[in-house]
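Here's a quick tour for anyone meeting this structure for the first time. We'll look at a pocket, then at the ligand and what sits around it.

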Amino acid sequence: MSNSIESVSREHRLFPPSEQFIHHATISGMAAYEALCEEAALNYEGFWGRLARQHVLWREPFTQVLDESNAPFYKWFADGKLNVSWNCLDRNVDAGRGDKTAFIFEGDDGAVTQINYRDLLARVCKFANALRDQGIKKGDRVIIYLPLSIEGVVAMQACARIGAIHSVVFGGFSAKSLEERIIDAGAVAVVTADGQFRGGKILPLKATVDEGIALAGKKSTIRTVIVIQRTGAEIHMEHGRDQWWHHLEVGQSETCEPEWVDAEHPLFILYTSGSTGKPKGVQHSSGGYLLFARLTMLWTFDVKPDDVFWCTADIGWITGHTYVAYGPLVCGATTLIFEGVPTWPNAGRFWEMIDRHKVNTFYTAPTAIRALIKASETDPETHPRNYNLDSLRLLGTVGEPINPEAWIWYYTEVGRSRCPVVDTFWQTETGGHVITPLPGVTPLVPGSCTLPFPGVQVAVVDEAGHELEWGKGGSLVITRPWPAMIRTIWGDPERFRKSYFPDELGRNLYLAGDGAVRDSKTGYFTIMGRIDDVLNVSGHRLGTMEIESALVSNPLVAEAAVVGRPDDVTGEAICAFVVLKRSRPEGEDALSMANELRNWVAKEIGALAKPKDIRFGDNLPKTRSGKIMRRLLRSLAKGDEIAQDVSTLENPAILEQLKQTA
Ligand code: 6R9
């Protein structure tokens, strides 16, 4: 951690907000920001209550803002009633924005479709009615396993309309991962597609769903599988269970009375990796989540009525929930969604699309920026300078720490030194931005996510939960509940309490799992990365334990340990140390064994979890008490000199073995 702290304090460049943002931003100037923070400090409930009344449409108003009686199971606006889809759709149509484009969809092949708010509402209603016809009702869980598409958002909004709880599973996850989520969520339906297009290829989805349900066997609670025709690929349709989306929609009414739910009614469950065990089902609320989605759109992205907003995240991740499926709609914005990958047909695709669709706000991950920097070096034609990016007003990043070099490139080459870069720190569990610059307020420092979102109380603490002075690295916590916070882990409240509100911290502090430091002069936050056993590979969260269990479930593997090592493009890369039940493979044998294990992990979890490096040893380095020496493995993975004391190692020769990647 100390290296990164040094590199942070070396970063002295400061980029004050532009005149344009100072004059036109919704929150303009440091004084306005400080006034909001002060309002929250003086009257926390009054602050959030005022905003919730101003920004959310309530069917029945709430009388209590925050209920802390069963902390850390907090309740926000609990006796208020609303419907999220009504807030996102009817609200805009009723306000005369029915003709306004809600989504511009660009397919992998470049074909463009648009849908306005009126038609989107009609499609959501039709699908919501179809879901009701299938017997799906309030509180039922529906798995959505779809590519990034208008239909994906329609499915999410339709669930919200009838009070069903969706759980979107990223299309890159395997049948095994689907099986786990189906069982854990007790889902009654899956919405999927015959397949998806990505980078010029057709990938199956429905076949994976069939396999996932088959794996779940008797534990599967799935009654219906709804299938969108996207690729036209030949697929199996199970009689009595599988239905075509376009058949179910026939004859459905274009209106659908929303299910009025309590503010605390779960809007969705989204599975994410933790440091132990299986992925956890992060449960979000309806009212608090929606409020935060709207406020962060308005304040961080300073969204304006005519903006074209582009967040490149897939709906399978939280970023795609808050900044594709809910936030832009509750603000009546126009959002671009893209089915394909940034490097196909070439690495100029993003820049070309920004020009084609006149994108104003562009929000992506550092890993994509780094990959595109690299690509523009090998193929100069794809460099952003070759494209017209005049429409851009604001840039954003999310998902992992951004290195100052990538930040500067993004700012100068993409934003032409005109557009602020908002480095937004948040998590699946936080629902929306918790530390972020505001473009009309915050002087920017490359690599720092700067200051808390107004109202959010953040601190850096030591192991006992005591706040550290600025300049000292520690653990990032949120000291007060906030409206969009995780409510529980689906089906496992005890794990929720232990993971996020550990007793060691002494009081109810939300433990983010990230290391952070505040600049000793400005108080700006810099995130140092995860301090638990969670890896961040291309902005995707993966637990080392998950990958280890996948590896050891292979009959040839005796033992495995997984660590992360720095990678220029993906931020972190997965490095697996493996002991086989047979003798240690070498040369060609090791290469083919490594590939076999990579494919095994892809089958168990998904291709995104494939280890980049696999190293074979006769054993793993352990302490006398039998604990795997992970710090040593991290040094080995990085190729560092071994500085640790290895005198306790039973077999020091294995260190030489573990230095080599297969
Ligand atoms: C939104 C999202 C959360 C983890 C988080 C942290 C890392 C996200 C970041 C960042 C530094 C940023 N992270 N944004 N680190 N600067 N701006 O990514 O959610 O997938 O749950 O990941 O991502 O480590 O703890 P999620």
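Before the pocket, a word on labels: helices and strands are DSSP runs, at least four residues for a helix (H or I) and at least two for a strand (E), numbered from the N terminus. Keep in mind that this is a predicted model.

**The second largest pocket**

- α16 (493–500) and β24 (510–518) each chip in at least two residues to the lining of the second largest pocket.
- The top contributor to that lining is α16, with four residues.
- The volume of the second largest pocket comes to about 350 Å³.
- It has 18 lining residues, and those closest to its centre are S275, K280, S499, L511 and D532.
- Sorted by class, the lining of this pocket has eight charged, six polar and four nonpolar residues.

**Who surrounds the ligand**

- The ligand has 17 residues around it, with D423, T424, T428, D514 and R530 the closest.
- α12 (318–330) and β25 (525–530) each provide at least two residues of that shell.
- By class, the shell splits into six nonpolar, six polar and five charged residues.

**Polar atoms at the ligand**

- An N or O atom in the side chain of D423 is 2.7 Å from a nitrogen atom of the ligand.
- Q427 has a polar side-chain atom 2.9 Å from an oxygen atom of the ligand.
- With E400, a backbone N or O atom lies 3.4 Å from a ligand nitrogen atom.
- On its own the ligand has 530 Å² of accessible area, and the protein covers 96% of that.

How values were computed:
Residues numbered from 1 in each chain as written. Predicted model: local features only at pLDDT ≥ 70, side-chain atom pairs only at ≥ 80, totals over all residues. Heavy atoms only, no water. 1 Å grid on protein atoms, 1.4 Å probe; cavity = no way out; pocket = protein on both sides within 12 Å on 5 of 7 lines; lining within 4 Å. Points joined across faces, edges and corners; volume = space filled by probe spheres on them. Nonpolar A, V, L, I, M, F, W, Y, C, P; charged D, E, K, R; others polar. Near = heavy atom within 4 Å. Polar contact = N/O pair within 3.5 Å; in protein donor to acceptor, adjacent residues only side chain to side chain. Areas by Shrake-Rupley, 256 points an atom, 1.4 Å probe, with all protein chains shown as cover.
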